[in-house]
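User: I'm new to this structure and would like a close look at one part of it. Could you pick a loop, walk me through it, and then show me how the rest of the chain is put together?

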Amino acid sequence: MINVAILGFGVVGSGVAEVLQSNAKVIEKTLSTQLAVKRILDLRDFPDSPFGHLITHDFNDILNDPTITVVAEMMGGSHPAYDFTKACLQAGKSVVTSNKEVVARFGAELLELAAQNGARYLFEASVGGGIPIIRPMVNDLASNKILSVSGILNGTTNYILTQMLEHGAAYADALAEAQQKGYAERNPAADVEGLDAARKIVILAALAFGPLLSPDSIHCEGITQITAEDAAFAADNGYAVKLIGYTELLGGKVLAMVTPRLVPISNPLAGVCDVFNGILVDANMLGECMFYGKGAGKLPTASAVVADMMDIATHLGTAVRAPKFSVAADDDYADFGAYRCRTMLAFEDKKEIYEKAERVFGELPMLSHGRAVLVSAEMSEAELDERISQMGVTPLSRIRLL
């Protein structure tokens, strides 16, 4: 029997306990041993829970228990989650987590600390919820050179954009519906401003290319400025509007970004709707490989956490391939201004806009849903900025094509 502990008994933490209990026979058959929850750390008491007797309010009850070998950190936020994770790894206890904020900010340090202390640090559930993506990138794609990763990494924003695209809803109405259904928080900033997706794309970028970029230092745009007119233009022209996390090597350096994109309907990401996530990995030998499923939720996310615990239990005392991150230096960041793509620009429907666009871009905008809309040729971000400056008009919308 292998004793485990859970830090945080919220939605995902309670889901981990539920998966371990409900699928105990399946887990034991696979491992030939049991995974038994010995302690659960939380500030609250849960007298009505079947796990209530396992609650402790003192982290030291877990840290100083030599019989606990695997700890599931489900607390959320940076602190004290990072501090508790670090202490467990220093004590030789392996840690699994769904906490993308800790992985995105401290993953390189924690992976090194785990290796130094004969422990493991796994985080399959930190990106894509229950979708397998971390382990496949570490193991199954190990013989490939990753060229790029594109992903719909946030179910809340994808639900909102789906409502706008398929039902013509305004952004505010779609957000209100998402909040009513429990898909969006009362304060949805982390989702709709792209911050959640930014943490996830830097993790995927580190898996693909090595350096762990700071999520605060990459180009990040959310969906708060997307309009019903943008969605209508997309639908009329064979695109879907999606919030995309994207990473590639640019000039030998790591480029990572989160931006709304016009995704061609021929791209499999265009069909990822509602609260689902999709991640498209382009590798030099395999080509494009799509990972799709529920990117959040109590039991889907908990299932990925328990899978990490089972991985650790399977390989106790043996050397296994692990993710390798390095702390990004300033020189590891690609110049965002050098990134090239086509971009949709929408302006007010005024005669002078057409004249200025033809003079600066060499083509006339089309009239679409009461706006003058131009899709640029492929050019760098810096060049596009310069041309917009030459027009002297701020676009109503600026959405890159994927």
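Analyst: Let's start with aspartate 274, which sits in the loop between S11 and strand S12 (276-283). Keep in mind that this is a predicted model. What is the phi of aspartate 274? The angle is positive, about 55 degrees, although aspartate 274 is not a glycine. Is this residue buried or exposed? Aspartate 274 falls in between: its relative accessible area is 32%, so it counts as partly exposed.

There's another residue to look at in the same way. Histidine 369 isn't a glycine either, and its phi is positive too, near 50 degrees. You'll find histidine 369 in the loop between strand S17 (366-368) and strand S18 (371-375). With a relative accessible area of 42%, histidine 369 is partly exposed.

Now go back to S11, the strand on one side of our loop. Strand S11 covers residues 253-264 and pairs with S20 in the parallel sense, over two bridges. Arginine 261 has arginine 400 in S20 as its bridge partner. Strand S20 also pairs with strand S16 (residues 343-348), but here the two run antiparallel, joined by four bridges. Arginine 400 turns up again in this pairing, since threonine 343 stands opposite it. Strand S20 itself takes in residues 397-401 and is mostly covered, with four of its five residues buried.

Let's move to another sheet. This one is open and has six strands, in the order S3-S2-S1-S4-S5-S6, with parallel pairing. At its edges are strand S3 (55-56) and strand S6 (121-122), each of which pairs on one side only. Further in, strand S4 (residues 68-73) and strand S5 (residues 94-97) are parallel partners over four bridges. Within the S4 and S5 part, valine 70 stands opposite serine 94 in S5.

Follow the chain out of S4 and you get to another loop, the one that leads to helix H4 (81-90), where methionine 74 is found. Methionine 74 has a relative accessible area of 9%, so it counts as buried. Which residues does methionine 74 touch? Leaving out residues up to four places away in sequence, the list includes Ile6, Leu7, Gly8, Val12, Gly13 and Val16, along with Val96, Thr97, Ser98 and Val305. Methionine 74 and lysine 100 are 26 residues apart in sequence, and their C-alpha atoms are 10 Å apart in space.

The loop between S4 and H4 also holds proline 80. The peptide bond joining histidine 79 and proline 80 is cis, with omega at about 10 degrees.

Finally, step back to the whole chain. It has 14 helices and 20 strands. Its radius of gyration is 23 Å, close to the 21 Å that the globule rule gives for 402 residues, so the chain is as compact as a globular protein of that length. Along the principal axes, the C-alpha atoms fill a box of roughly 75 × 45 × 35 Å. Of the 402 residues, 55% count as buried. Among contacts with a separation of 6 or more, 72% come from residues 24 or more positions apart. The chain exposes about 17,200 Å², and carbon and sulfur atoms supply 49% of that area. As for charge, there are 33 positive and 48 negative side chains, with the centres of the two sets 3 Å apart.

Terms used:
Residues numbered from 1 in each chain as written. Predicted model: local features only at pLDDT ≥ 70, side-chain atom pairs only at ≥ 80, totals over all residues. Heavy atoms only, no water. Rg over C-alpha atoms; globule rule 2.2 N^0.38 Å. Buried < 20%, exposed > 50% of the residue type's maximum accessible area, 1.4 Å probe, protein only. Contact = heavy atoms within 4.5 Å. Areas by Shrake-Rupley, 256 points an atom, 1.4 Å probe, with all protein chains shown as cover. Lys, Arg positive; Asp, Glu negative; His and termini not counted. Charge placed at Lys NZ, Arg CZ, Asp CG, Glu CD. Pairing = 2+ DSSP bridges.
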